[in-house]
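The following exercises concern domains, a single loop residue and a chain interface. Each task is followed by a solution in steps.

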Amino acid sequence: MTTRNATLDTSTLEQKQPKRRKTNFFRANRGDSKFKRLIIHLILIGYCIISIYPLLRIFSVSLRPGNRVLSTDLSIIPPDATLENYKKVIDEGLLQWIWNSLAVTITTSIVGVIIAATSAYAFSRYKFKGRTTLLIYLLTTQMIPTAMLMVPIYILAIKLGLIGTYRGLVIAYSVTSVPFSIWILKGYYDTIPTELEEAAIIDGASPLQAFLKIILPLSTPALSITFLFNFSQAWNEFLIARVILGSNEAILTWPLGLNRLMGQYLVQWGQYNAGAIMVSIPVMILFMAMSKYMISGLTLGSVKG
Amino acid sequence: MFDFGAILKSLSEVGTTILAVLAIVVVLEAILYLVLVKWLKVKNALVYMLVSPAILGLLVLQVYPLVWEGYISMTNMSLSHFFNYSFIGLKNYVRVFTEPVLKQVTFFPLFWRTILWTAINVICHVTGGMILALLLNRDMKLRGLYRMIIIIPWALPQVVAAMAWRGEFNFEYGWINIMLKQIGLQPVQWLTSPVPNFAAMCLVNIWLGIPFMTVILLGGLQSISGEFYEAAEMDGANNWQKFWKITMPLMQPIMTPAVILGTVWTFNTFNISFFINQYELETSDILVTALFRAAFQYNRYGFSAAFAFIIFFILLIYSVFYVRATGALKGVKD
């Protein structure tokens, strides 16, 4: 179990810091005058306001009653606040859109993680023909703009009859996130000492058993990071969904649904903001809770190489 | 409100998709097992069995479409020639540079605008992120709270952020113009005139991108040992020198991949430019949004396939150049 702690340490880099920071030049009670500290707090508070104000605005507009959605009022909680917009946007089909998004997103994340988990293990542990080429290929695909793959995917989807179905969307999503997932997971597997599997193999386990019973359980943190990455990518995706699902009303995912409320000529501003709050708040809480791990996953994948 | 028929339909569609994927994987693994283990008796058969699902997926859904796109790019496929398209060689590639890509705008204005867009954004992300990270990298009250609030734009789904900002760029009812009026300035036509619209795109994307850089750079700053600064202080270095001579060089391993990734992401940012540009001003399009419009509004599939490859080559050249110059990716071969 000690190894597990050792590998986890990389992801909790920040928690170890307070001890070390005692000797850090940037620490506050050395050289920082009261005035300087005040300025620093003021700048940070200023940036925090910039950071959070647009979100507060979304919240504020979502509470406005229908006849006052467009107004020049700047107060955060309008005097005649009401939940009318929330009710309307649910009637409009928001829960259905969220459900559609959830179904697609969870499926693709699971498929994506499984595919990436096994192949990342091969990349981390074995030397085989074409390994370097494949790894470089995986990095190169990070440079392909989604818009570039849209043309062939759209035409292929038409020819295969996948336009207007979740099937096409699930298939398209699962693969787009695989290269990045492989990089994150490979970086994590690299930190697990090989002695663990060697010991298991001496005890009579097959290489596959060693992977499934020892490495996979040890990698739960990295697997959940990867799942989250895939999840948030598919959850927020607009372009592929728009091209593949088209304008079929019954199967919109939430980004398409909300976009429909913000049409070029007819804007349901209040309902849009209510929907935006309902969609964003759960995701943001999840994201905040996991952000530390997500960042360590990113740096593991990209910095370690 | 909730349509149970639709729910069942989506469940069954998603379920059958999973089953189909599983079936393909099982068949693939069985074939590989028979061929590699039973027949050829390859020693490292497990490796190939582990890698094959990913390879198959990438081959079918990435490599094949790309190769096919390469072929389309040499045809005159469009809405009117959807089935009976013919081979026209490299004409599309010439056309990208000689004809308007959309209605009026040609390739080079789009190209320079994309470069400007990428440069403005990446520079602001890195500078802003660095300033905030330096400020946050000290013992102080409320540090955790500041950090949490600063992350908010990153946590907000991009589509939500982009559309909400577009609403707030409204001439009369958006908070930006209301505030401008309150401090006695002229309100700005954010959505209808070219330069303000481009500025609006930049503002939103800078707002969205700073948190990521802050967090990444803060992580890097915290891993620098204080001893370096102590030694420098003994030699009488001032803060400015400490920053340029100690912090920046030690931050290189974090900065380099962050800047490469940031540049490629910004270059490829679709949502911001697409949503903020409500009235489809061609003066606000960057390469990727122009690509989308050429393909799906003007339905010039062959032409946009060629256009897509040109964008990809630009990115490839940039990355090769940058990787050579900085020596990133040394680790790939280990």
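Helices are DSSP runs of H or I with at least four residues, numbered from the N terminus. The model examined here is predicted.

**Exercise 1. Locate B:Lys41 and decide whether B:Lys41 is buried or exposed.**

Step 1. Two helices of chain B frame the residue: B:Lys41 sits in the loop between helix H1 (4–39) and helix H2 (45–72).

Step 2. The class "exposed" requires a relative accessible area over 50%. For B:Lys41 the value is 63%, and the residue is therefore exposed.

Step 3. The side chain of B:Lys41 reaches a backbone oxygen, that of B:Lys38, at 3.2 Å.

Step 4. As to B:Ala295, the C-alpha atoms of B:Lys41 and B:Ala295 lie 49 Å apart in space, with the two positions 254 residues apart in sequence numbering.

**Exercise 2. Describe how domain 1 and domain 2 of chain B meet.**

Step 1. Begin with the bounds: in chain B, domain 1 covers 4–72 and domain 2 covers 105–333. Taken over C-alpha atoms, the centres of these two domains are 36 Å apart.

Step 2. Count the residues in contact: domain 1 of chain B contributes 4, and domain 2 of chain B contributes 5.

Step 3. Consider the area. The size of an interface is often given as the accessible area lost when the parts come together. Between domain 1 and domain 2 of chain B, about 320 Å² is buried, with 76% given by carbon and sulfur atoms. On the side of domain 1 of chain B that touches domain 2, the residues comprise 2 nonpolar, 1 polar and 1 charged.

Step 4. Look for polar links: the two domains of chain B share 0 salt bridges, and 0 residue pairs in polar contact are found across their interface.

**Exercise 3. Characterise the interface of chain B and chain A: how many salt bridges cross the interface, and which residues take part?**

Step 1. The contact involves 121 residues of chain B and 116 residues of chain A.

Step 2. About 11,100 Å² is buried between chain B and chain A, and carbon and sulfur atoms account for 74% of this area.

Step 3. The interface of chain B and chain A has 1 salt bridge. B:Glu168 forms a salt bridge with A:Arg57, the closest N and O atoms being 3.0 Å apart.

Step 4. Residue pairs in polar contact number 10 across the interface of chain B and chain A. H2(B) supplies the largest share of the chain B side, 19 residues. By class, the side of chain B that touches chain A has 82 nonpolar, 21 polar and 18 charged residues.

Methods
Residues are numbered from 1 along each chain as its sequence is written. Chains are lettered from A and ligands numbered from 1 in the order in which they are written. This is a predicted model: local features need pLDDT of at least 70, side-chain atom pairs count only at pLDDT 80 or more; totals for chains, interfaces and linings use all residues. Side-chain values use heavy atoms; hydrogens and water are left out. Domain bounds come from an automatic or database domain assignment. Contact means heavy atoms within 4.5 Å. Buried area is the accessible area (1.4 Å probe) that two parts lose on being put together, summed over both. A salt bridge is a side-chain nitrogen of Lys or Arg within 4 Å of a carboxyl oxygen of Asp or Glu. A polar contact is a pair of N or O atoms within 3.5 Å; within protein, one must be able to donate a hydrogen and the other to accept it, and residues adjacent in sequence count only if both atoms are side-chain atoms. Ala, Val, Leu, Ile, Met, Phe, Trp, Tyr, Cys and Pro count as nonpolar, Asp, Glu, Lys and Arg as charged, and the others, Gly among them, as polar. Buried means under 20% relative accessible area, exposed over 50%, partly exposed in between (1.4 Å probe, protein chains only).
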